[in-house]
Each structure stands twice: as structure tokens, then as C-alpha cells.
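Colleague: I'm new to this one. Could you put it on screen and walk me through it?

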Amino acid sequence: MMENVQLSIENQIKSMIVAKLGLDISPEEIHDDAPLFDVNDSGDGLDLDSVDALELAVGLKELFGIKPQSSEMSVFKNVRSIADTIRSQVGS
Amino acid sequence: MESIEIEKGLPHRHPFIMVDRILEVEYMKRSKGYKNVSINEQWAVGHFPDEPLYPGVLMIETMAQVGGFIFYKAGIPPASKFYLGAVKNIKFIHPVKPGDTFMVETELIESLHIYHQIKCTATVGDKLVATGVLTLVNPNQL
């Protein structure tokens, strides 16, 4: 049950990223651990830019009613780190 | 806020001040101001010779300059310089012509780090002429 909830948050984040940034990929193609603002050695990652981070913050606020603070930019490392932050802030 | 005071809040100078008057400012929330569009401006010569229309790119600039006043606090010089970081979902709904008062209202949607997203709505009289979302960047916040 807990796993379903976690998957749900991660999938919501992926769908939001694709929609907000108008990416030409499907949400399923984004891996939980793939870097959002970089590309790793295995070629995985979205390579977003810093302007996109604000777009993600707006999306998170719309979806979950919360957003990371400027001092917590590490939250945006990957989908999993965002989801973990959401879970810790909503206390589920 | 009249032209002389506007120069205290904007780093722009002639010939690129695209706002004539600021009417309302709520710090870190919203702003409202306008530009009187005139035939006596350089763009009117070529855009277009037979039909002068206030260019869309300059509408965006007016939106950005009015939006910059969201971050203006009277008596706190110097004003920070903002750069345009992103332009999103801009719609030009009706043409704006010399003689029109191009009224812009902006509100802060969200801020993160040095980035600020603002929603902009422009009207001429009671007619909606342009809408959009801009991202303003303030590197001085680093």
C-alpha cells in the first residue's frame, strides 16, 4: 500500500515535469534516479536549466501545495529526491 | 508614480523606458502601470508604414518593466537590475495602436532563488489585449 502511494507521488511529479516544461517525452521515460539538471555517465538525465527549476517549483505548489526553499535546491536532484521531500513535508 | 520617479525604480533609460506611469505597487505581490502608445515613436515608422501597431515584443517589454515594480520599495536605492529569463504563453489578443493607453497589471506567481515568475494582463480600455507569464531574473540576489 505504501509503495503505491510512493509510486503515485513520483508519477505525478513526472507528469507535471513533462507538462510544465513541454518536454517531448512521456513521463514513464523519466527514471526516479535520473538527474534532472544534468546527464549522467549512462546518458540518463533531463539536462534542464535553472529557469526550469522555477517552473518545477510552481508545478509542485500547484500539485501538493508546497515548494522547496531556495536554500534547498538539492531537492531538485531527481524525481526521487523531490518525492521524498513531498512525503516528509505532507507527513505521509 | 510619475516618469521621474519611475527612473528610480527602473534601470532602463531613453530610448527604452516602456512605461509612463506606475499606479499601484504591492511589494512582492503585484503592480499596475501603463504606457501611452504614441505615433511619435521610432517603431511606428516601420511597424508598419501603412498601419502603425505597437510591436508585440515591446508589449512584452512593457509587461516586464511594470512587473519589475513588484520588487520596488520606495526609498531603497539603488534598484536591482532584473533580466528577462523566460517568456511563456504570451497571447496578443487585439492590436494596440498609437493613441491607446496600454495598461498592464502583474502579479507574482512564485519565486525561487533568483527567479521570479509573474502573470501579466494588458488591457486597452475595457478590452483585453495581451496576456502572458514572464520570468524575471535578479542575479543581485546571489
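**A first walk through the model**

Modeller: Chain A has a mean pLDDT of 87, with 88% of its residues at 70 or more; pLDDT is the predictor's confidence in each residue, from 0 to 100. This is a predicted model, so local features need pLDDT of at least 70 and side-chain atom pairs count only at pLDDT 80 or more, while totals for chains, interfaces and linings use all residues. Residues are numbered from 1 along each chain as its sequence is written, and chains are lettered from A and ligands numbered from 1 in the order in which they are written.

Colleague: Which helix of chain A has the highest confidence?

Modeller: Helices (H or I, at least four residues) and strands (E, at least two) are DSSP runs, numbered from the N terminus. In chain A, confidence is lowest in helix α1 (residues 2-21), at a mean of 82. The highest, at 92, belongs to helix α2 (residues 50-64) of chain A.

Colleague: On to chain B. What radius of gyration does chain B have?

Modeller: The radius is taken over C-alpha atoms, and the globule rule is 2.2 Å times the number of residues to the power 0.38. For 142 residues a compact globule would come out near 14 Å, so chain B agrees with that at 15 Å.

Colleague: In what order do the elements of chain B run?

Modeller: Chain B has 3 helices and 6 strands. Starting at the N terminus, the order is α-β-β-α-α-β-β-β-β.

Colleague: Which element gives the most to the largest nonpolar core?

Modeller: Such a core is a set of buried Ala, Val, Leu, Ile, Met, Phe, Trp, Tyr and Cys residues joined through C-beta atoms within 7 Å; buried needs 20 or more other C-beta atoms within 10 Å of a residue's own, with C-beta atoms placed from the backbone. This core has 29 residues, and Met59(B) and Phe102(B) are among those touching the most other members. Two or more residues come from each of β1 (21-26), α3 (56-68), β4, β5 and β6 (127-137) of chain B. With 5 residues, the top contributor is α3(B).

Colleague: And where the chains meet, which element gives the most to the side of chain B that touches chain A?

Modeller: Contact here is C-beta atoms, placed from the backbone, within 7 Å, and it takes 9 residues from chain B and 8 residues from chain A. On chain B, β3 (83-92), β4 (101-112) and β5 (115-124) each supply at least two. Giving the most, with 3 residues, is β4(B).

Conventions: Contact = placed C-beta atoms within 7 Å. Buried ≥ 20, exposed ≤ 12 C-beta atoms within 10 Å, placed from the backbone.
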